[in-house]
Amino acid sequence: MKLSLNWLNDFVRHGLLPEKLAERLTMAGHEVKSIDEIAGDRVFEIEITPNRPDCLNTLGLAREVSAIVNKPLVLQKLKTIKIPKTLCSVTIEDRSACLRYVGAVVENISIAESPIVVKERLQAMGVRSINNVVDITNYGLFENGQPLHTFDYDKLIGGKIIVRRAKAGEKIVTLDGVERQLNPSILVIADAERAVAIAGIMGGQDTEVTAKTKRILLESAYFDPVLIRRAGRALGLTSDSAYRFERGVDLTNVDVAAKRALSRLLDFAGGNIVNYRDVAVKKTVTQKQFSVDMKGIGHFLGTNISAVQVKKILGKLDFKVSGKGECLKVMAPSFRSDIKGAIDISEEISRIIGYDRLDSSLPQIKPSAIVSSERFQLKRKLRRILTAQGLDEAISYPLISRGAIEKTNVADLPISRVKNPLSLDQEYLRPSLLASLLAVVNLNFNHGQKNLRLFELGKIYPPAGEKEVLGIVLTGNRPQNWQINKKETVDFYDLKGIVVRIFETLGFDLPTCVLGKKTIDIVLEKEKIGFLGKVSKDILKNWDLKSDDVYYAEIDLEKFYKLKPQIKRFVSLTDFPSITRDVSIAVKQDVSFGQIESLAREIGSTHLIAINFIEQYLGEKIAAGQKGLVFSLLYQSSQRTLTEAEIAPIHEKILQRLSQDFGAVIR
Amino acid sequence: MMRWDFDKITQEAIKEITACDDLKNLEALRVKFLGRKGLLTEVYSSLPTLSAEEKPLVGKNANNFRNKITSLLDERRILLENTSTDIVAETLDVSLPGIAAPVGREHILSQIIEEICSTFENLGFVVQDGPEIETEFNNFTALNIPADHPSRDSFDTFYLETPDPEQKDRNLLLRSQTSPVQIRLMKQFKPPFAVVIPGKVYRPDAVDASHSFVFHQIEGLLVDEDIKFSDLKGLLTAFCQRLFGEKTRMRFRPHYFPFTEPSAEVDISCYICDGKGCSVCGRKGWLEIMGCGMVNPKVFEAVKYPKGKYTGLAFGMGVERMAMLKYGINDIRLFFENDVRFLKQF
Ligand SMILES: [Zn+2]
């Protein structure tokens, strides 16, 4: 909303410099965004909050200023006009869409230019001056907030005004020269035959007031805010009038504003009013009186305010206040539909005084009945663990395209669709984090960044639900430095290492990796809690990723959140020496190290305290179908020094069973 | 005439040794004077060729020289060892980069969320979260947003194709604010409580440098029997001064939110220009950083709290905006693109 300071001066003598006034208005809830100088005037651009349509005009803002500076508000008196008894034809068909319609016909008007002062003020409001008649309607809108419209009465077929819904297929060319398709959700003003205006939004070209116009019909009305807003959105059309109707105009001002405009009309354009009609479903808004306990308000604000001051402020804001002492009876003016009770009064008073002048205190915060989210705490830890392993955290868009889902081969997963997507790029709630992370990989590849270690703690969305998952993606080379700069590509084991490290650090049982159908499952206590593996060539090709090695792991955090860390007990540090035996064997490739490990543990019992994997080798050095495994077994007792003689039979037995059970050849 | 002028030789040796400032050169001097092919060996090996009267004199001078030089060399070595390090002997380019285990970065938005949440945790708040898929009741109705309010339109809120199980004629939606978590918590718990709630929110805004259809908010709620408007001012002042520095000045500007009354927007003095006006604050000297207010009694009514029993304060802030202000980031899309060059900067 624009506010002209010259215009404001007509209403209230505030005596403040523009910058100071801007600050006071801002601190009373009407933020002044900018101050412009237009033709010797200072014009504020003010952001009016949606609850205050009454401030979308100069009078409304002047009322606020008068309360802020505690100076009287004066409304310019106009010449009184004689309202004729003869009626014009106004019919409201849709009585819920139009609560009031005032029409007046003026004859013998002379279309001319507006007086200078009107032109200047409209210029300050950013509105072009057209002619005296049209300018008067705009002047009225910016003066008191009531949108007005004038029709060329001679062009209204049958001289009739009908407020009705548009018919299916009905069309109108609006004042901006655009032909618009109407439908029954749109309210129109019609004459005997056709729509002549889109109610509350814009008039039609056919009935526009021109230089030749002799008779006009002035319209001042109240239209349903929601209907106007929806029609405007549907038509992609807005106007200063629509902006005010959408937010709600003052029902009691409809005729007052019409009479002010008629008075100006006779003054500027001559003519005489021949008929007048005020059709009202409702003429006023009934405001309820309520009581305000000043003690209670003082307590709620944490600052005591005197009843005298409250009366003064509310009086300036056109509230009716009565009652003595601490208990006041208050009634808001008709244009303040935002005021409903004592709590609203506390805001009125405090914003006019200024929040900055109210007291400040520190609340006594008691222990909460709500406990801190374990999920949040665990995510904190996960971030720490993963960044410590060189992974960067990504946060990606949860809404993705159909294409991204198909490219990731997850189109068979059930998905949720947004009903009103903004674009096809954000049509679906992602069913997998992989699609999001591959887009991230793609972007980085395009920027030449090929070595990526990324994770995201994000949500995926099965139909009508959501769950948190951890996604990890690795690609490119292992971390290098200038001393170790052998280029090695990451592989499955890098990813497994990271996954296991998470469980280890959090003190959970360690998961095992189990070969599944398409991926390798991460299993803990027989339950699958995630998967990992190499992203298939197909998918990489779909995403146009020029790499063979992109690894991905996903952990279902909903299951993860249920895990409990093992109870840790201190193990005393033993000073007894340990004995390490290296073992090198050749076995068939289908024998897993896990099998060997559990056999060794079973035989080694309490003496075998650790098995350290050293190396696996395949290829030339070993027979086809076989693999070489090197590992060490660590024997130690916490009670005494173990002798070679004690260890030898155990170790021998392990080796023997390895050959017996798995056909291992000891090398 | 004697073949060696020990006085002169000693003088020169002393000069050389005291001028020497590195262990390597000092070792070279030791070899020169005392080594197997050095001066002293030369003197001793020539002793048999000398005359009988020369022999004891030269021998004595040579011994004095050896003692003197040995102790000088020792002194110098100790001095040099204490002023330098042993590895001076290696060729070390100390300007080469050090080697450390590779480390990753938490996303800048996570870092800001962490900073804000932990500040509130230190003030006695707990952190909570809630779902992104919400009902119209929790996202709007319970928050005193009227049934025909524009924010409920499909222009301003993403709806899913899935119907709301509790209200079959309505569809589920993607929350447009973190406030529905307040409703969920209040439906479940009785005051007192103090919570902060970080999370993603969605609004159908076309993506450009300053708009995103998804962004992060942090919401706070403190409810008890006697929370005052002055508490709101005090609490948020304490928060801002902890986050932005002790000298930060604050401004509470009246504003409008349906779920709070009175409502305010909080401005802090611009920490770039200290309130003088610069490009970051748009020459205003103030930066708008959050919205807040006293919980509207209608909200308590919606969660069926006894009438008039509780009061509360609530506040909310945009995480992306905080990060953009704090680091001068000029494009909101950067947060979601995850270019590692961006991620590694913070
Ligand atoms: Zn600044």
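**Notes on the pockets, the zinc site and the cavities**

1. Let's start with the second largest pocket. Its lining is made up of 28 residues, and those nearest the centre are A:Phe492, A:Tyr493, A:Lys496, A:Phe593 and A:Gly594. On chain A, the elements giving two or more residues to this lining are α15 (492-506), β24 (512-515), α18 (593-604), β29 (608-617) and β30 (626-635). If you want one element to look at here, pick α15(A), which supplies the largest share, seven residues. Bear in mind throughout that this is a predicted model.

2. Staying with that pocket, the space inside comes to about 1200 Å³. Sorted by class, the residues around the second largest pocket are 14 nonpolar, seven polar and seven charged. Two domains of chain A take part: domain 4 (374-560) and domain 5 (579-666) each give at least three residues to the lining.

3. Over on chain B, the division is into domain 1 (6-90) and domain 2 (108-343). Have a look at how these two sit in the model: the C-alpha centres of domain 1 and domain 2 of chain B are 81 Å apart.

4. Now the metal. Which residues hold the zinc ion? Its ligands are the SG atoms of B:Cys270, B:Cys273, B:Cys278 and B:Cys281, at 2.2 to 2.3 Å. Along the sequence, the zinc donors follow the pattern C-x2-C-x4-C-x2-C. As for exposure, B:Cys273 and B:Cys278 are both buried.

5. What is the geometry around the zinc ion? The arrangement counts as tetrahedral because the four donor atoms subtend angles of 102 to 114 degrees, and the cut-off for that label is that all angles lie between 85 and 135 degrees. For reference, the ideal angle for four tetrahedral donors is 109.5 degrees.

6. On to enclosed space. How many cavities of 30 Å³ or more turn up in the whole structure? The search finds two. The largest cavity has a volume of about 100 Å³. Around it are 14 lining residues, with A:Thr49, A:Asn51, A:Arg52, A:Arg351 and B:His255 nearest the centre. Two elements, α11 (342-353) of chain A and β7 (250-257) of chain B, give two or more residues to this lining. By class, the largest cavity is lined by three nonpolar, five polar and six charged residues.

7. The second largest cavity holds about 60 Å³ of space. Its lining consists of B:Ile112, B:Glu115, B:Ile116, B:Leu243, B:Phe244, B:Met322 and B:Lys326. Three helices of chain B, α5 (108-122), α8 (229-244) and α10 (319-327), each provide at least two of these residues, and α5(B) has the largest share with three. In class terms, the lining of the second largest cavity has five nonpolar residues, no polar ones and two charged.

8. One last residue to click on is A:Leu266, found in helix α8 (residues 253-269) of chain A. Is A:Leu266 buried, exposed or partly exposed? Its relative accessibility is 28%, so A:Leu266 counts as partly exposed; the partly exposed class runs between the buried limit, under 20%, and the exposed limit, over 50%. Its C-alpha atom is 7.9 Å from that of A:Ile109, although the two residues are 157 apart along the chain.

Note on methods. Residues are numbered from 1 along each chain as its sequence is written. Chains are lettered from A and ligands numbered from 1 in the order in which they are written. This is a predicted model: local features need pLDDT of at least 70, side-chain atom pairs count only at pLDDT 80 or more; totals for chains, interfaces and linings use all residues. Side-chain values use heavy atoms; hydrogens and water are left out. On a 1 Å grid over the protein atoms alone, a cavity is a set of points where a 1.4 Å probe fits but cannot get out, and a pocket is an open set with protein on both sides within 12 Å along at least five of seven lines; lining residues have an atom within 4 Å of a point. Grid points are joined across faces, edges and corners, and a volume is the space filled by probe spheres set on the points. Helices (H or I, at least four residues) and strands (E, at least two) are DSSP runs, numbered from the N terminus. Ala, Val, Leu, Ile, Met, Phe, Trp, Tyr, Cys and Pro count as nonpolar, Asp, Glu, Lys and Arg as charged, and the others, Gly among them, as polar. Domain bounds come from an automatic or database domain assignment. Donors are N, O and S atoms within 2.8 Å of the metal (3.2 Å for Na, K and Ca); water is not among the atoms, so sites may look incomplete. Four donors count as tetrahedral if all angles lie between 85 and 135 degrees; four count as square planar and six as octahedral if opposite donors are over 155 degrees apart and all others between 65 and 115; anything else is irregular. Buried means under 20% relative accessible area, exposed over 50%, partly exposed in between (1.4 Å probe, protein chains only).
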